[in-house]
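User: I would like a close look at one part of this model, the sheet and what packs against it. Please keep the account plain and give the cut-offs behind each term.

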Amino acid sequence: MTGGQMAPKTLIGQKLPQVFPSIMKEDGTLYPEDETPLNGFLSANLSKENIVMGVYQPGGELKWLSMSVQPLYDPDLDSSLSSVISFSDITERVKAQETI
């Protein structure tokens with residue numbers, strides 16, 4: 001791991017605001033805390049792929065992530081038990097698009 005990166009083990013079981021206290025929209029504005037990309041998908045048991053968001057690393061570096069959310073649904077309870085969230089670092093892609 002290089003400076004500012006988080007070890008994957010530190011992310012498991014954490015809530016998104018604990019990991020990323022400020023989450024940026026693609027237009028550079030911050031999401032209000034109660035309107036982060038996950039809130040709507042998790043409460044409605046929806047899956048979503050390729051949600052783009054900017055987050056600041058502990059060292060202050062801005063990283064752009066593509067996030068996908070998949071609820072783990074329990075048909076016996078008719079609700080989701082948890083969710084699997086995956087992130088891909090797309091910082092270089094975003095920087096390349098900004099130069100075009």
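In which sense do strand 1 and strand 2 pair, and over how many bridges?

Analyst: Strand 1 (residues 23-24) pairs with strand 2 in the antiparallel sense, over 2 bridges. Two strands are taken to pair if DSSP finds at least two bridges between them. Helices (H or I, at least four residues) and strands (E, at least two) are DSSP runs, numbered from the N terminus. The model is a predicted one, in which local features need pLDDT of at least 70 and side-chain atom pairs count only at pLDDT 80 or more, while totals for chains, interfaces and linings use all residues. Residues are numbered from 1 along each chain as its sequence is written, and side-chain values use heavy atoms, with hydrogens and water left out.

The setting comes next. The chain has 4 helices and 4 strands, and from the N terminus on its elements run α-α-β-α-β-β-β-α. The 4 strands form an open sheet in the order 1-2-3-4, with antiparallel pairing. Strand 1 and strand 4 (79-89) stand at the edges with a single partner strand each, so one side of each has no neighbour in the sheet. Strands of a sheet pair through backbone hydrogen bonds, either parallel or antiparallel.

Within the pairing of strand 1, M24 has G54 of strand 2 as its bridge partner. Strand 2 also pairs with strand 3, again in the antiparallel sense, over 7 bridges. There, I51 has M67 of strand 3 as its bridge partner, and Y56 stands opposite L62 in strand 3. Strand 2 and strand 3 form a hairpin with 5 residues between them, and G60 in the turn has a positive phi of about 95°. Another positive phi, of about 60°, belongs to N50, although N50 is not a glycine. N50 is found in strand 2 and counts as exposed because its relative accessibility is 54%. The classes of relative accessible area are buried under 20%, exposed over 50% and partly exposed in between (1.4 Å probe, protein chains only).

The bridge partners I51 and M67 also belong to the largest nonpolar core, which has 10 residues: V19, F20, I23, L38, I51, M53, V55, L65, M67 and V69. The elements giving two or more residues to this core are strand 2 (48-56) and strand 3 (62-74). A second, separate core of 5 residues includes M24, W64, I90 and V94. A nonpolar core here is a set of buried Ala, Val, Leu, Ile, Met, Phe, Trp, Tyr and Cys residues joined through side-chain atoms within 4.5 Å. Across the chain of 100 residues, buried residues make up 27%.

Helix 4 lies across strand 2, strand 3 and strand 4, and runs at about 130° to strand 3. For that angle, axes are lines fitted to C-alpha atoms, for helices over the stretch in contact, and angles run from 0 to 180 degrees between N-to-C directions. T91 has its place in helix 4 (residues 91-99) and counts as buried because its relative accessibility is 3%. Not counting residues up to four places away in sequence, T91 touches L62, K63 and W64; contact means heavy atoms within 4.5 Å. One of these, L62, is the residue opposite Y56, and another, W64, is in the second core.
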